[in-house]
Amino acid sequence: MLMDGYLHSEIGNDSRIDTGQDSSKVPDKILNGGPVLTFNAKGQPATHRMPKKTIALTFDDGPDPVWTPQILKVLRDNDVPGTFFVVGQMAARYPDVVRQMVASGSEIGVHTFSHVDLAYQSPSRINRELSQTQLALAGAAGITSSLFRAPYSSETNAINNKSWPVYQDIGAKGYLSCFVDLDSEDWTRPGVSKIISNATPKNGEGVAVLFHDAGGDRSQTVQALGTYIKKMKAQGYTFTTVTAGLGAPSANHPANGSELWEGRALLWSVAVAEYIMPGLSWLLLVVGVAMMGRLGIMLVFAGRHRRIRHKKSFGWGPPVTEPVSVVVPAYNEKECIANTVRSLSVSTHPVEILVVDDGSTDGTGDIVEALGLPGVRLIRQENAGKAAALNAGLAQARYDLIVMMDGDTVFEPDTVRELVQPFADPAVGAIAGNAKVGNRGTLIGAWQHIEYVMGFNLDRRMYDLLRCMPTIPGAIGAFRRRALADVGGMSDDTLAEDTDVTIAVQRAGWRVVYAERARAWTEAPSSLGQLWRQRYRWSYGTMQALWKHRRSVVDRGPSGHFGRVGMPLVVVFQVITPVLAPLIDLFTLYGMLFVSPVKSILVWGAVLGLQMACAAYAFRLDREKYRYLVMMPLQQIAYRQMMYLVVIHSCVTALTGGRLRWQKLKRTGEVEAPKEMAGIR
């Protein structure tokens, strides 16, 4: 992006043009002299003119892939040479046209790299403008040049006190500075006849004439040039290059070894930028459409989901009152497990509570036993992982409806009852609950709270209606025993066992729905390091699950429905979009620094405003307090970038075949029962 910006004068652009009139420090012989300025070894200036009846055709601002070849053809057809003052940016982008210039016998001069007025530039910038153009010439045609023309220059009488030191410096570097005698003014597109008239010398004088082979539509220049050459030849004029007209050796010299390789390296980097940037621009459009499309789709489906669920006629069937087995896998959860079990013990729905201590070393199981709460069973096993712990609890569960939750989560008294009501529909095999961030008092917690409400829960409303739920959160989910049996229970094939089993249940023909009123309060990571590890595991595990169930794309029936509806949505919204989304921020930052800060901020602000509106609607649906939305702008700047990097990191791990082990997060136990449950402690 930086290279492309430099090539198109977005980076380092300086549009100032010197219009000073004071020339008191410029020698009169220079102001009244010929179009070529030189300095001898002692720094003394001199000017030179073209011989009588001699014309040096000079062309500025190229090479251009359209107009320069046409001009070269006119010169070739009329057997006359030209002198082309090339812009380094253009030479680097179109090296084949530079080679055509050299092959035609034309002379090449330097017109700076980015076409800035050198009168306003520092000595280092001037050196860069010259040296980078030389590298472009070396890489393109294997030459360098000692001939120079400054942008925005005209006749020598336009030299002033501000530009004179620049010409002195350039002359000390060994350059011949070329000005003009006549300006065809073709850049104004005055018409063919006017161009010819402007370029026609009087009284048989020798002249250097200015044309342009780039910078816009040069069709008039091409049309005028052939007629002009024939007219001047008929009057006895001959055509030459600038140095040949002075009787001097050519200004073009073979580039040495280091210049050649540095020039080729420049051209390679330019070619890469020219090749990649259009692709990045298209990807930016794709990700922009995907992000805006996702917001739009979520809003439409969330609204529809709410209207359906709030209809008086809506219902799953007869109330579900049968007992439920709640399985709580726990590994070193001493800070949280007491709150978790207590919250379950006051459930308004009949439950049995199975805490599976997966080889904890911190006394988690002892804490559960010490609580002495009725209906709680402790199952101890050697450490075997979360999937094995869930399967162990499932094996000893008494009831056919199974609720699974994490050991760092607390339920409200009505959570289980609300969660299992969709089981009144015999087609429902699993249910996703509404996971809430309990420790939202910190900045990181508030960011995750926004993400949970806006992203996860709006997503689930959409997936519910589309019947392609990708994930039942580990913090709160319910399953029919038969549905789990159909898929072989919980699998440890992936690090996202919740996503894996959710997809498997749907592929087996069961419906998975979202119960937004069933709320669970979970402890979110409290540090950036823990957050990174959690999301890295989630992201990588999701990719593993998608790969495991890839055959669903070509299946028929319910499996094929998920493969052709749910799978693309998850891949686009949870993998591709996050991988490409940093382009939005990169282009925004690039625009703010180098193009138009105001426009870039306005565009970014418009996108943020749309996201804020979407988030506000999500908060309204979940009856959340809007005050957390003040954190959203900073979330978009800082938190979102981290989530993008997590997905990119996961993609790299997946592509390189790396393996990621389960990582236990540090818990504080600060998430307790909501206020309405305060009395149970």
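Helices here are DSSP runs of H or I with at least four residues, and strands are runs of E with at least two, all numbered from the N terminus. Hi everyone, keep that in mind while we look at this one together. It is a predicted model, where local features need pLDDT of at least 70, side-chain atom pairs count only at pLDDT 80 or more, and totals for chains, interfaces and linings use all residues. Residues are numbered from 1 along each chain as its sequence is written, and side-chain values use heavy atoms, with hydrogens and water left out.

Let's start with the sheet. Eight strands make an open sheet with mixed pairing, in the order β15-β14-β13-β16-β19-β18-β20-β17; two strands count as paired if DSSP finds at least two bridges between them. What stands at the edges? β15 (376-381) and β17 (409-411) do, and each has a single partner strand, so one side of each is left without a neighbour in the sheet.

Now look at β16 (401-404). β16 runs parallel to β13, joined by three bridges, and S325 stands opposite I402. With β19, β16 runs antiparallel over four bridges, and there M404 has G477 as its bridge partner. Are the faces of β16 buried or exposed? L401 and V403 on one side, and I402 and M404 on the other, are all buried, meaning under 20% relative accessible area with a 1.4 Å probe, protein chains only. As a reminder, in a regular strand the side chains alternate between the two faces of the sheet.

Next comes helix α14, where the buried residues include A389, L390 and G393. Among the elements covering the buried residues of α14 are β16 and α18.

That brings us to the cavity. On a 1 Å grid over the protein atoms alone, a cavity is a set of points where a 1.4 Å probe fits but cannot get out, and lining residues have an atom within 4 Å of a point. Points are joined across faces, edges and corners, and the volume is the space filled by probe spheres set on them. There is one cavity of 30 Å³ or more, and the largest holds about 90 Å³ of space. Its lining has 15 residues, and the closest to its centre are L390, M404, P473, G474 and D498. So M404 and L390, which we met as buried residues, turn up again here.

Which element gives the most to this lining? That is α18, with three residues. Thanks for listening!

Conventions:
1 Å grid on protein atoms, 1.4 Å probe; cavity = no way out; pocket = protein on both sides within 12 Å on 5 of 7 lines; lining within 4 Å. Buried < 20%, exposed > 50% of the residue type's maximum accessible area, 1.4 Å probe, protein only. Contact = heavy atoms within 4.5 Å.
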